[in-house]
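Biologist: Before we talk about pockets, could we look at the model together and settle what the words mean?

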Amino acid sequence: MKAEEGRVKHIKAMRSLSGSVRRGMWGAFGALALLSLPVAAAETNADAARSTLQRVQSNGDLRCGVYPDDPGRSAITTSGVWAGFYVDFCKAVAAAVIGNPDFVQYVEVGATTRFTSLVEDKTDVVMYSSTWTLGRESTYNVEFPTIYLFDGQGFLVRKRSGIGQLDDLKGKSICVTENTTTHRNLMQLNEQHGLDAKVLFSNGDSFFRGSCDAYSADRMNLATNRANRADNPDDYLILPDVVSREPIGPTVRNDDPQWSRIVRSVVHAVILAEEKGITQDNVDSYLNGEHDAEVDNLLGNSGDIGAQLGLNKAWAYRAIKAVGNYGEIYDRHFGPDTPIGVERGLNRLWSRGGLLFAPPFK
């Protein structure tokens with residue numbers, strides 16, 4: 001977190017310094033600068049005038065920031081292609097905006113570069129397990145357009161340890177990734193709950209090597225680690241205690257409201273598709289016949305939502321056709337029939353007891 005904030009400040013300082021240097025050089029090189037000014041200014045102004053949507057469509061690919069993680073979230077398969085829950089949202093945006101889910105340039109980011117990659121204009125959107133906080137939006141000049149995963153911080157332990165609930169962690173050692181919201185939450189919990197636990201800055205690998213009694217992270221993170229890194233996943237238990245709320249969402253720069261609405265609308269489109277029973281396989285059948293107004297607005301049979309976003313009318317159809325509805329995306333990567341095996345929980349539709357819903361497509 002500190003390293004990332006430092007990079008943002010450095011970028012801003014360099015921009016300011018660059019301006020000062022240019023002003024200082026003007027007296028000595030005024031004539032030369034004046035000759036080249038029209039061309040340079042025209043290029044700068046033209047680039048600044050282009051929206052993110054225009055740049056993406058002009059370049060013909062979406063620069064999507066992803067973390068090289070374990071299978072399920074975002075990882076390169078043995079076939080050499082990116083796959084995972086977050087990757088599918090990269091594909092959905094590319095399909096909606098460019099017309100092809102394969103037109104994605106995957107940019108590897110990490111905890112210290114996920115936000116700065118946006119500030120430095122190396123990515124157009126970052127699909128990562130980043131928690132939406134107001135402080136992050138203000139500090140890093142980014143925006144979280146929406147939420148695509150409701151999660152919470154938890155703890156992974158060995159079954160043989162006898163640890164079965166939060167209170168059993170008193171006096172134990174807990175591994176956590178430094179400079180994350182999880183780290184800060186754990187320090188507060190340690191003090192307020194009187195755990196008197198020893199906090200070790202390390203990742204899940206250290207936990208599986210026996211370096212600590214528990215590993216704390218978002219529960220989906222814990223399930224992913226258990227499925228992919230444990231010698232025998234059945235030897236490990238995720239405690240029932242949830243000690244924070246972690247709204248996870250994509251991030252974009254905060255200087256382009258149109259682009260933010262597009263990313264948000266793509267996520268909402270696949271959520272609404274699930275609510276309406278539209279799947280990757282049957283979406284074509286919804287292009288004809290009579291349906292309710294929201295379905296027609298979603299798929300471009302009527303209304304002008306696409307035009308309002310700066311896209312054509314088939315934008316949502318392409319996204320759904322590329323990756324399916326939200327339920328299909330979740331079940332494909334996180335669901336009970338996968339090694340990660342996590343029930344939907346809060347990520348069920350609102351009509352099924354969850355928190356997931358899209359605004360009315362009207």
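Modeller: Let us begin with classes: Ala, Val, Leu, Ile, Met, Phe, Trp, Tyr, Cys and Pro count as nonpolar, Asp, Glu, Lys and Arg as charged, and the others, Gly among them, as polar. Please keep in mind that this is a predicted model.

Biologist: How many residues of each class are in the lining of the largest pocket?

Modeller: That lining has nine nonpolar, 15 polar and nine charged residues, and the largest pocket itself has a volume of about 620 Å³.

Biologist: What makes a residue such as R73 part of the lining?

Modeller: A lining residue must have an atom within 4 Å of a point of the pocket. There are 33 residues that line the largest pocket, and R73, Y128, T177, Y215 and N221 are the closest to its centre. R73 is one of the lining residues, and therefore it has an atom within that cut-off.

Biologist: Which element gives the largest share of that lining?

Modeller: The largest share, four residues, comes from β11, while the elements giving two or more residues include α6 (181-192) and α8 (219-229).

Biologist: Which element gives the most to the lining of the second largest pocket?

Modeller: There α8 gives the most, with four residues, and the second largest pocket holds about 380 Å³ of space. Its lining is made of 22 residues, with F150, D151, G152, R219 and N347 nearest the centre, and by class the lining has 10 nonpolar, five polar and seven charged residues.

Biologist: Why does D151 count as charged?

Modeller: D151 lines the second largest pocket, and D stands for Asp, which is on the charged list, so D151 counts as charged.

Methods: Residues are numbered from 1 along each chain as its sequence is written. This is a predicted model: local features need pLDDT of at least 70, side-chain atom pairs count only at pLDDT 80 or more; totals for chains, interfaces and linings use all residues. Side-chain values use heavy atoms; hydrogens and water are left out. On a 1 Å grid over the protein atoms alone, a cavity is a set of points where a 1.4 Å probe fits but cannot get out, and a pocket is an open set with protein on both sides within 12 Å along at least five of seven lines; lining residues have an atom within 4 Å of a point. Grid points are joined across faces, edges and corners, and a volume is the space filled by probe spheres set on the points.
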